[in-house]
2 protein chains.
Amino acid sequence: MNKRKSNVPTIREVAKLARVGLMTVSRVINDHPSVRASTRKKVEAAIAQLGYQQNEAAQLLKGRRAKLIGLIVPDLSDAFFASCAQTVQHIARAHGFMTLVAASERDPELEVEQAELMAKRMISGLLLVSSIKESDERLQRLQDSDLPIVAFDRPLPGLNTDAVLVENRAGAEAATQHLLKHGHQRIACVGYDQDVYTVRERIEGYRYTIQNARLKPQIALGVKTLEEVQAWLDEALDSKSRPTAIFSLNHRTSVFLLQALAERNVQIPEEMAIIGFDDFELASVLKPPLTTVAQSPVELARRSMQLLLERIRSHKGDVQQESAKILLPVRLIIRGSCGGHTNSASAS
Amino acid sequence: MNKRKSNVPTIREVAKLARVGLMTVSRVINDHPSVRASTRKKVEAAIAQLGYQQNEAAQLLKGRRAKLIGLIVPDLSDAFFASCAQTVQHIARAHGFMTLVAASERDPELEVEQAELMAKRMISGLLLVSSIKESDERLQRLQDSDLPIVAFDRPLPGLNTDAVLVENRAGAEAATQHLLKHGHQRIACVGYDQDVYTVRERIEGYRYTIQNARLKPQIALGVKTLEEVQAWLDEALDSKSRPTAIFSLNHRTSVFLLQALAERNVQIPEEMAIIGFDDFELASVLKPPLTTVAQSPVELARRSMQLLLERIRSHKGDVQQESAKILLPVRLIIRGSCGGHTNSASAS
DNA sequence: CTGAAAGCGCTAACAA
DNA sequence: TTGTTAGCGCTTTCAG
């Protein structure tokens, strides 16, 4: 019946209905100023009547960017990054963008590859929690090709991008201070992934505070499985300098540590005080509830998107501003695992 | 210097270099059979030399689908769906697809809208955890337009799509049976979101088992905040038919319940046995460790992607097969919160 | 302020 | 087996 196979209206049909040329319709769509108001009205009516919608593929072919933003995180199933993804997607939608996601699985090669694939899809901007260790020229090229990039949670080595980071160091200092205030003298610190920026910063915060108090740091790194935590703990408990408090650098380590301590019937906080970096839903349900340093993934994502959207907007203006650096505060949430009081305070 | 602004090679340049026509290159790319081997070699060499890559926008314009799959879940920050997203994205990548994600925020309208936007982007297939309550004609239209759709976790009312579901009912029956086996006579059941398929099924499983045992179901629904759980619990504890065991229908409810019980110093499992639907990372770290009915989001996502990829592949063959329905088993993970033994067994 | 022509990179349909 | 022609829907010239 119909001559058209699919009834998706094109700019051409709108033009015909409105009795104007193609270009006029195009101008109306892209609200170009030089269209007479009356003409615009006609065209808009036709657009409404036909339910016309732009065909993005055609625009892409003409060199426009897609209404798409890319998000790359190490692991989408990690509660922290999942929360970021949710927020990013939400804000993107509110601004007419859809979200392309990828997990880098902590592999720099995979990360760059995904970034390039996204760039080929003409995303308008890229949000990146990077696992890259050193300056990467392929990413550099992406940025040079005028793709707005915002790094969050971790900086992007070598590239001068906008970045939204968290006060890891101040958080670790606050955590360590908190333990000192409770009178602890032998405070250990466990974690893994010490080549990740965030963890390195936390270690520095710990080390600085401990040394300032003229105490000796006890740092156990690369402790990433339950078995390794158990082994380390056994050794620590038996050592002559047995710690009376432990600062856990990762959520994972915290969980394993609690499990290992429970197995060994070590009473928290009496025999061992515990404080963990990264808050989590069940921290308050544990017995005793765990004192933590909390970051806000929602805030992190929100600020990052904000920067990215600004970049995208101002992009056409080509004004090469300074790259923005935002440092978000953390909160020390005092619960029961270090003994004592139970109020919470800002750390930084 | 360069006449070309950007040095992305096109099919045309490949043709020139290989000294063949455009179409030959196109044929090689789409491995059309009728190309002489020697010609193909030449073209492939040229492609390699130039580092040619297809321009998807141009293909889209010619009516092809994008190497994109869409994923819509209620909430990306939910650990369960986050895990699904991670798996989906991983498998998609292995098959050359990128992933477009959206959270429906449990809003059917938003869900359909996002699905339509994805369809407009010419995704090759859609994975959907639907919040839709009744047959929706806009989704129907998407399916009619030949977009492969796979529903998972929840069926898609009215549409005859492939679906991967979980044995919610059998899981609830197993949970209830487990409590019965421990001698409980007054078993309550709390949850919310009873208009969600999965929860309805769980309630049915509970009700069926309880009634079969000639006991009286005690079902509390719509209990979704900590306050509501507390209020309900206070009432239940004081009631003349005070339950000795509680089956929690959601992860959220389980958490609140544990918290409320802890506040009231109700001993688990002595004074109250607890079993929760949905396993979670910290279930084994709690005191006592929580007995749960576990589903596997990874398996759910894996099977769904498998179905979707098959659909996409066989799509061209246009053979309208029956829609597949897969029902995944759950596992009862017996820990300490019901007392007694501590081994785990398959439920279905 | 408006429109006609040219072409973005690719492929379907036809010719050769 | 190969190449030529004609668009897909849009925007960027450049004329009116």
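Here are legends for four close-up views of this predicted model. Residues are numbered from 1 along each chain as its sequence is written, with chains lettered from A and ligands numbered from 1 in the order in which they are written. Because the model is predicted, local features need pLDDT of at least 70 and side-chain atom pairs count only at pLDDT 80 or more, while totals for chains, interfaces and linings use all residues.

**View 1. The surface near DNA strand C.** Here we look at the 24 residues around DNA strand C, where "near" means that a residue's C-beta atom, placed from the backbone, lies within 6 Å of the strand. A:Gly21, A:Ser34, A:Thr39, B:Ile11 and B:Ala58 come nearest. Helix H2 (22-29) of chain A, plus H2 (22-29) and H4 (56-61) of chain B, each supply at least two residues; helices (H or I, at least four residues) and strands (E, at least two) are DSSP runs, numbered from the N terminus. H2(B) has the largest share, four residues.

**View 2. Where chain B touches chain A.** Each chain brings 33 residues to this contact, and two residues are in contact if their C-beta atoms, placed from the backbone, lie within 7 Å. On chain B's side, H4, helix H5 (79-94), strand S2 (98-103) and helix H11 (251-263) each give two or more residues. H5(B) gives the most, with eight. Across the chains, S2 (residues 98-103) of chain A runs antiparallel to S2(B), joined by three bridges; strands pair if DSSP finds at least two bridges between them. A:Leu100 stands opposite B:Leu100.

**View 3. Helix H11 of chain A and its surroundings.** This helix covers residues 251-263, 13 in number, and at 1.5 Å a residue it should span 18 Å; the end C-alpha atoms are 19 Å apart, which agrees. The expected span is 1.5 Å times one less than the number of residues. Among the buried residues of H11(A) are A:Phe256, A:Leu257 and A:Leu258. Buried means 20 or more other C-beta atoms, placed from the backbone, within 10 Å of a residue's own. Their cover includes strand S6 (187-190), helix H10 (226-238), strand S8 (245-248) and strand S9 (273-277) of chain A. After H11(A) comes A:Asn265, with a positive phi near 55°.

**View 4. Confidence along chain A.** The average pLDDT of chain A is 92, and 95% of the residues score at least 70; pLDDT is the predictor's confidence in each residue, from 0 to 100. Residues 1-5 of chain A fall below 50, and this stretch has one contact beyond near neighbours in sequence. Residues 341-348 of chain A also stay under 50, with 24 contacts beyond four places in sequence.

How values were computed. A residue is buried if 20 or more other C-beta atoms lie within 10 Å of its own, exposed if 12 or fewer, and partly exposed in between; C-beta atoms are placed from the backbone.
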